[in-house]
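The following exercises are to be worked with the sequence and the 3D structure at hand. Each task is followed by a solution in steps.

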Amino acid sequence: MRRGTALTLALDVAPYALVAVAVFTAAFGAPVLTRLCAVVLATYAGNAVFGECDLASRALGDAPRSAYRGKTVWITGASQGLGEELALHLGSMGAKLILSSRREETLRRVCEAATAAGAEDARALTLDARAGSAAMREKGAAALALARKMAGAGDGIDGTDADVGVDYLFHVAGGSQHAAAEDTADEVDRDMFELNTMSAIALTKALLPSMLARRKGTIVAVGSMAVKCPAPGQATYAATKAALSAFCHSLRGEVADRGVSVTVAHPGPIATGLGGQTRKERRLDATLVAKRIAAGAALGLDEVVLATQPIMLLRNFMQFVPSVGFRVLNKVGPKRTRAARLGVSMYELK
Ligand SMILES: NC(=O)c1ccc[n+]([C@@H]2O[C@H](COP(=O)([O-])OP(=O)(O)OC[C@H]3O[C@@H](n4cnc5c(N)ncnc54)[C@H](OP(=O)(O)O)[C@@H]3O)[C@@H](O)[C@H]2O)c1
């Protein structure tokens, strides 16, 4: 069992076991043990109220450098924001990078920066995620050919080559929308699903035969906190990320015994170009998010969940006491939606 999986299991089961032990020791007069259980349970409660990251990610810390050294990593949405941060972070650990988005010049600049940071190699592969599934399959083949070239193996690869391939595929490309569902045109809904969901599914399917043949590979999808907490004013965005998340979790179950792992990250608002940034609004640091996601993927976490407070607290309500979470959203949601209509930040609610 991988380190991340074992740790998550232990952290998930521990509170239930601790409550049982605390009740038992209280009933049978072992106050020291009862107090010990209470202290550990208080740590859980403290993280739920104040923590900005799930406990497993926090406990794991950074990925070991060996996890990415010499590994071929394909990142979509790498020209700016979180994708760029991931490229620089994984580059600094000696990865071989394939960086994708629509803007070639910008990608080349990120390739240079990643190489300067320590990447073994960094190449740009332009891609328009809205171009449809057939185009994504072609890009998958192109990425495999590039991986082979970077390994010095020459051109021509049939997608099932046993020696060379993409070790990590990070789905970062994406876009958001701030609008009430009733104001969102059908074409915008479809466009968002193409960009955030369908393209990632198609790219995953393009690389899967090669990963399964090698019995090696990690697929990482950047979802959103909008999957964990419904997001009034971003209904379509939340739906695209929820669909991607469901696909990834189901896929993990299909390939779990064939060497391929899947990690889904659910960050809350990040200080990148996506969405409005204001003085009052607190967002996650993009470098920290990149590090947490990289570590989660390398150490085998199923999910990485992180957000500033009180968003993380609301997520905990949604997970453990959903009826309270839904009531809070019914109060906050209409204000968020009005803010979306006015084009102001949805995180500063009046
Ligand atoms: N920022 C947040 O608050 C936040 C919170 C939770 C989740 N996320 C998710 O994290 C990911 C990155 O967010 P970010 O804030 O870094 O976004 P960003 O700064 O807007 O960057 C988006 C990236 O996606 C690429 N992209 C956009 N449309 C594309 C297309 N049609 N084809 C190919 N690439 C395309 C862009 O490159 P080009 O323009 O060069 O194509 C860019 O590299 C997204 O999936 C987002 O949903 C963000």
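**Exercise 1. Locate R215 and classify its exposure.**

Solution. The model is a predicted one.
Step 1. R215 is situated in the loop that joins α7 (186–214) to β5 (217–222).
Step 2. Its backbone deserves attention: R215 is not a glycine, yet its phi is positive, at about 55°.
Step 3. A residue counts as exposed if 12 or fewer other C-beta atoms lie within 10 Å of its own. R215 has 12 other C-beta atoms within 10 Å, and R215 is therefore exposed.

**Exercise 2. State how the chain is divided into domains, and describe the side of domain 1 that touches domain 2.**

Solution.
Step 1. The domain assignment of the protein chain gives domain 1 as 3–50 and domain 2 as 63–342.
Step 2. Taken over C-alpha atoms, the centres of domain 1 and domain 2 are separated by 33 Å.
Step 3. The contact between them involves seven residues of domain 1 and eight residues of domain 2.
Step 4. On the side of domain 1 that touches domain 2, the elements giving two or more residues are α1 (3–27) and α2 (31–50). The most is given by α1, with four residues.
Step 5. By residue class, this side of domain 1 consists of three nonpolar, three polar and one charged.

**Exercise 3. Compare the surroundings of G29 and L11.**

Solution.
Step 1. G29 belongs to the loop between α1 and α2, whereas L11 is placed in helix α1.
Step 2. G29 has 8 C-beta neighbours inside 10 Å and so counts as exposed.
Step 3. For L11 the number of C-beta neighbours inside 10 Å is 16, so L11 counts as partly exposed.
Step 4. When neighbours within four places in sequence are left aside, L11 is in contact with L55 and A56.
Step 5. Distances along the chain and in space may now be set side by side. L11 and Q177 are 166 residues apart along the chain, and 35 Å separate their C-alpha atoms. G29 and P310 are 281 residues apart along the chain, with their C-alpha atoms separated by 38 Å.

**Exercise 4. Describe the peptide bond that precedes P310.**

Solution.
Step 1. P310 is found in the loop between β7 (303–306) and α11 (311–320).
Step 2. The bond to be examined runs from Q309 to P310. Its omega is near 5°, and the peptide bond is cis.

**Exercise 5. Characterise the packing of α4 against α10.**

Solution.
Step 1. The helices concerned are α4 (residues 81–92) and α10 (residues 286–299), which pack at an angle of about 60° with their axes 9 Å apart.
Step 2. The crossing in which α4 passes α10 is right-handed.
Step 3. From α4, the contact is made by G81, L82, E85, L86, H89 and L90. From α10, the contributors are A286, T287, V289, A290, K291, I293 and A294.
Step 4. Sorted by class, the residues of this contact comprise eight nonpolar, three polar and two charged.

**Exercise 6. Decide whether A295 is buried or exposed, and find its contacts.**

Solution.
Step 1. A295 lies in helix α10.
Step 2. The cut-off for a buried residue is 20 or more other C-beta atoms within 10 Å of its own. A295 has 22 other C-beta atoms within 10 Å, and A295 is therefore buried.
Step 3. Apart from neighbours within four places in sequence, the contacts of A295 are S57, L60, G61, D62 and A63.
Step 4. A295 and A63 are 232 residues apart along the chain, yet their C-alpha atoms are separated by 4.1 Å.

**Exercise 7. Examine the largest nonpolar core, and then the burial of L144.**

Solution.
Step 1. In soluble globular proteins, nonpolar side chains tend to be buried together.
Step 2. The largest nonpolar core here has 85 residues, and those with the most contacts inside it are I75, L86, A87, L97 and L99.
Step 3. L97 serves as an example. Not counting residues up to four places away in sequence, L97 touches V73, I75, A87, L90, G91, A114, A119, D121 and A122.
Step 4. L144 has its place in helix α6 (residues 133–150). Because 25 C-beta neighbours lie inside 10 Å, L144 counts as buried.
Step 5. The C-alpha atoms of L144 and V164 are separated by 8.0 Å, and the two residues are 20 residues apart along the chain.

Conventions:
Residues are numbered from 1 along each chain as its sequence is written. This is a predicted model: local features need pLDDT of at least 70, side-chain atom pairs count only at pLDDT 80 or more; totals for chains, interfaces and linings use all residues. Domain bounds come from an automatic or database domain assignment. Two residues are in contact if their C-beta atoms, placed from the backbone, lie within 7 Å. Ala, Val, Leu, Ile, Met, Phe, Trp, Tyr, Cys and Pro count as nonpolar, Asp, Glu, Lys and Arg as charged, and the others, Gly among them, as polar. A nonpolar core is a set of buried Ala, Val, Leu, Ile, Met, Phe, Trp, Tyr and Cys residues joined through C-beta atoms within 7 Å. Axes are lines fitted to C-alpha atoms, for helices over the stretch in contact, and angles run from 0 to 180 degrees between N-to-C directions. A crossing is left-handed if the near helix is turned anticlockwise from the far one by less than a right angle, and right-handed if clockwise.
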